[in-house]
Amino acid sequence: MKLLIDYQYFGTVNYYKMLFKFKYIEFEEYEHYQKGSFRNRTIIPGANGLIPLSVPLQNGRDQRALFKNIKIAYKENWVLQHTRALDACYMRAPFYEFYRDSLFAILTSQEEFLMDLDRKLIQWVLKMMKANLTITFSTSYQKELATEFQDGRNRFLPNQAIAVEDQVNYGQVFEDRIGFQPNMSILDLLFCNGPAATGLLKDSSSRF
């Protein structure tokens with residue numbers, strides 16, 4: 001079985017939990033941009049609550065262009081905002097310094113298209129987690145999929161309730177202040193657990 005799934009900007013823990021359930025992953029490159037998704041946003045837990053991070057887009061978020069044609073806006077220095085937020089939230093995380101420089105190199109690369117940035121970040125996460133997955137990319141949009149595919153497109157959306165049995169539990173930096181926050185950005189799991197993050201996802205993927 002293969003998984004067809006949308007791109008996400010630092011996808012959630014459960015997004016990557018699904019990726020680790022499959023050996024063959026195909027990313028959807030011919031859909032129209034969907035607002036209200038994680039394609040240009042992520043959420044991290046901070047000292048005083050959840051912090052949403054979003055990538056601003058040229059022509060706004062209401063456009064109906066193909067996702068592959070959506071361009072990133074750099075009029076405001078969102079990259080600096082995101083990197084400062086990551087520094088503030090994760091300087092105490094045990095593995096943050098190990099990943100910081102290579103991650104920031106991608107964020108500061110000034111990618112023109114959102115899809116290219118998302119792809120680079122997904123590839124970076126999978127490399128850091130030593131994932132042995134076969135990755136391909138769609139060549140056209142298919143509303144109905146062949147039987148060998150499972151459709152994971154738009155399965156993981158902001159404000160989506162997460163059942164207790166679907167949570168991946170681990171220690172978080174500010175858990176003592178704001179409690180455990182499930183299904184955060186994959187960065188949270190990676191910075192807090194380092195190489196052990198892969199095992200946590202694999203162990204829990206069978207329960208998905």
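Where is Asn154 found? I looked there first. Asn154 is found in the loop between strand 6 (149–151) and helix 5 (175–178). I take helices (H or I, at least four residues) and strands (E, at least two) as DSSP runs, numbered from the N terminus.

A note on what I am reading: this is a predicted model, where local features need pLDDT of at least 70, side-chain atom pairs count only at pLDDT 80 or more, and totals for chains, interfaces and linings use all residues. Residues are numbered from 1 along each chain as its sequence is written, and side-chain values use heavy atoms, with hydrogens and water left out.

**Positive phi**

I checked the backbone at Asn154. Its phi is positive, about 60 degrees, although Asn154 is not a glycine. Most residues other than glycine have a negative phi. Asn154 is partly exposed, because its relative accessible area is 31% and the class runs between buried (under 20%) and exposed (over 50%), with a 1.4 Å probe and protein chains only.

I found another case at Gln110, a residue other than glycine with a positive phi near 60 degrees. Gln110 sits in the loop between helix 3 (96–107) and helix 4. With a relative accessible area of 49%, Gln110 is partly exposed.

**Helix 6**

I went through helix 6 (residues 186–193) next. Of its 8 residues, 8 are buried. Among them are Asp188, Phe191 and Asn193. Gly194 follows helix 6, with a positive phi near 55 degrees.

**Aromatic rings**

How many aromatic pairs does a search of the whole structure find? I get 16. The rule: rings of Phe, Tyr and Trp (its six-membered ring) pair if their centres lie within 6.5 Å; planes under 30 degrees apart are stacked, over 60 edge-to-face, the rest tilted. The ring centres of Phe98 and Tyr99 are 4.9 Å apart and their planes stand at 85 degrees, so I log the pair as edge-to-face. Phe98 is exposed at 63% relative accessibility, whereas Tyr99 is buried at 1%. Both belong to one aromatic cluster with Tyr90, Tyr96, Trp124 and Phe191.

I also noted Arg119, which lies over the face of Phe137 at 5.3 Å from the ring centre. The test needs NZ of Lys or CZ of Arg within 6 Å of the ring centre and within 35 degrees of the ring normal.

**Lys130 and Thr198**

Lys130 lies in the loop between helix 4 (114–128) and strand 5 (134–137). Lys130 is exposed, at 71% relative accessible area. I measured nothing here; the computed C-alpha separation from Lys130 to Thr198 is 7.7 Å, with their positions 68 residues apart along the chain. Thr198 lies in helix 7 (residues 196–205). Thr198 is buried, at 10%.

**Strands 3 and 4**

Strand 3 (residues 41–46) and strand 4 (residues 49–54) run antiparallel, joined by 6 bridges. Strands pair if DSSP finds at least two bridges between them. The hairpin from strand 3 to strand 4 passes through 2 residues. I matched Ile43 to its bridge partner in strand 4, Pro52.

**Second largest pocket**

Ile43 turned up again here. Of the 13 residues lining the second largest pocket, Phe38, Ile43, Asn159, Gln160 and Asn183 lie nearest its centre. A pocket is an open set of points on a 1 Å grid over the protein atoms alone, where a 1.4 Å probe fits, with protein on both sides within 12 Å along at least five of seven lines; lining residues have an atom within 4 Å of a point.
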